[in-house]
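Let's take a walk through this structure together, one part at a time. Keep the 3D view open as you read.

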Amino acid sequence: MKLLGAIEAGGTKFVCGIGHEDGTIVDRVSFPTTTPQETMGQVLNYFAGQDVQAIGIGSFGPIDPVPGSPTYGYITTTPKPHWGQFDLVGAVGAACNVPIGFDTDVNGAALGEYTWGAARGLDSCLYITVGTGIGAGAVVGGKLIHGLSHPEMGHILVRRHPEDTYEGFCPYHGDCLEGLAAGPAIGNRWGKPAGELPADHPAWEMEAHYLAHALMNYVLILSPQKIVMGGGVMKQSQLFPLIHGKLQELLSGYVQHPALNAGIGNYVVPPQLGDNAGLSGALGLATLALNGA
């Protein structure tokens, strides 16, 4: 099988790998996300001499994923220091000279779960990551969603929890979903990192409140056949039953489908690909680029 390269470009670390068109990962490494010069030097050294036929990149954003745009392939207005207006595709393409697939990290993860994971065999899915930030990507009708740019579902506005006085940390919107429910918001609000809070801490009921409000919007607008929730915060397994119950309460029987009733536990699920969702998705992006899609 053809060798493909994969880059999961995250705000904390870059994960690079080599794999095949069936999603199999045969090698992987990671580097801290520092400056473009330092991090990209490590990335390009990793791929030097590798006989890959194409490379897929799933990147933190915002990005410009629109072919033909003057800034196609760029990380654009990110608050990540040093990375604003960085030509990521240009840097990889100049060094590797192979077809490159490029999208958001969450669209890549959605593609991975749709192709090989929890949404395999379905027509649509949504992947949401809840970690240092919140983002979501979606496959509808077998294709990743794009428009003017790409979805930014982590920055929607949600109803405040009645007991929440935290102002929100998003530098653009303050109390959007990411500003209220990403990992830094949990840590700032409660004075401890999310991973140090016990399972019965009131933080988790509040977190489920915000995430369920977001999922309600996604269900009503996109009607995905599966919702996959990953990222560091979602490793708190007690969140899933809380989210299931609150989502059902919010929908209040308006949308009638077995998946939203007795089947809710199999509808909103963790990634079947685990921590490989993003890297596998990047292999999927590489496959699309190789095939000219």
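## A guided look around

Let's begin with a single cysteine: Cys-170 has a relative accessibility of 5%, so it counts as buried. Keep in mind that what you're looking at is a predicted model. A disulfide is a covalent bond between the sulfur atoms of two cysteines. How many disulfides does the structure hold? The count is zero. Cys-170 takes part in none, and the nearest cysteine sulfur, that of Cys-176, is 3.8 Å away. A disulfide needs the two sulfur atoms within 2.5 Å. What about Cys-96? The closest cysteine sulfur to that of Cys-96 belongs to Cys-16 and is 9.8 Å away, which is too far for a bond.

Now for the sheets. Strands of a sheet pair through backbone hydrogen bonds, and they can do so in parallel or antiparallel fashion. One open sheet here has five strands, and reading across gives the order β3-β2-β1-β4-β7, with mixed pairing. At the edges stand β3 (25-32) and β7; each has a single partner strand, so one side of each is left without a neighbour in the sheet. Going from one strand to the next, the twist averages 15 degrees.

"Mixed" is easy to see if you look at the two ends of that sheet. Strand β2 (residues 13-19) runs antiparallel to β3, and seven bridges join them. In that pairing, Phe-14 has Phe-31 in β3 as its bridge partner. Over at β7, the neighbour is β4 (residues 55-59): these strands run parallel and are joined by five bridges. Look there for Gly-58, which stands opposite Asp-103 in β7. Is β7 (residues 100-104) mostly covered or mostly open? It's mostly covered, with five of its five residues buried.

Helices lie against this sheet too. Helix α2 (residues 88-96) lies across β1 (4-9), β2, β4 and β7, and runs at about 160 degrees to β4. Helix α8 (residues 277-290) also packs on the sheet, where it touches β1, β2, β3, β4 and β7; its direction makes about 130 degrees with that of β1.

Let's move on to another sheet. This open sheet is also built from five strands, in the order β10-β9-β8-β11-β12, and its pairing is mixed. The edge strands are β10 (143-144) and β12 (268-269), each of which pairs on one side only. Strand β9 (residues 134-140) is antiparallel to β10, with two bridges between them. Find Val-139 and you can trace one such link: its bridge partner in β10 is Leu-144. Helix α6 (residues 202-222) packs on this sheet, touching β8 (125-130), β9, β11 (227-230) and β12, and its direction makes about 155 degrees with that of β8.

Last stop: the aromatic rings. A pair of them is described by the distance of the centres and the angle of the planes. The structure holds five aromatic pairs. Tyr-46 and Phe-47 make one that is edge-to-face, at 5.0 Å centre to centre and with 75 degrees between the planes. Are these two residues buried or exposed? Tyr-46 has a relative accessible area of 12%, so it is buried, and Phe-47, at 4% relative accessibility, counts as buried as well. Elsewhere, ring pairs link Phe-14, Phe-60, Trp-83 and Phe-86 into a cluster. You've met Phe-14 already, as the bridge partner of Phe-31 in β3.

Notes. Residues numbered from 1 in each chain as written. Predicted model: local features only at pLDDT ≥ 70, side-chain atom pairs only at ≥ 80, totals over all residues. Heavy atoms only, no water. Pairing = 2+ DSSP bridges. Helix = DSSP H or I, 4+ residues; strand = E, 2+ residues; numbered from the N terminus. Contact = heavy atoms within 4.5 Å. Axes fitted to C-alpha atoms, helices over the stretch in contact; angles between N-to-C directions. Phe/Tyr/Trp six-rings, centres within 6.5 Å; stacked < 30°, edge-to-face > 60°. Buried < 20%, exposed > 50% of the residue type's maximum accessible area, 1.4 Å probe, protein only.
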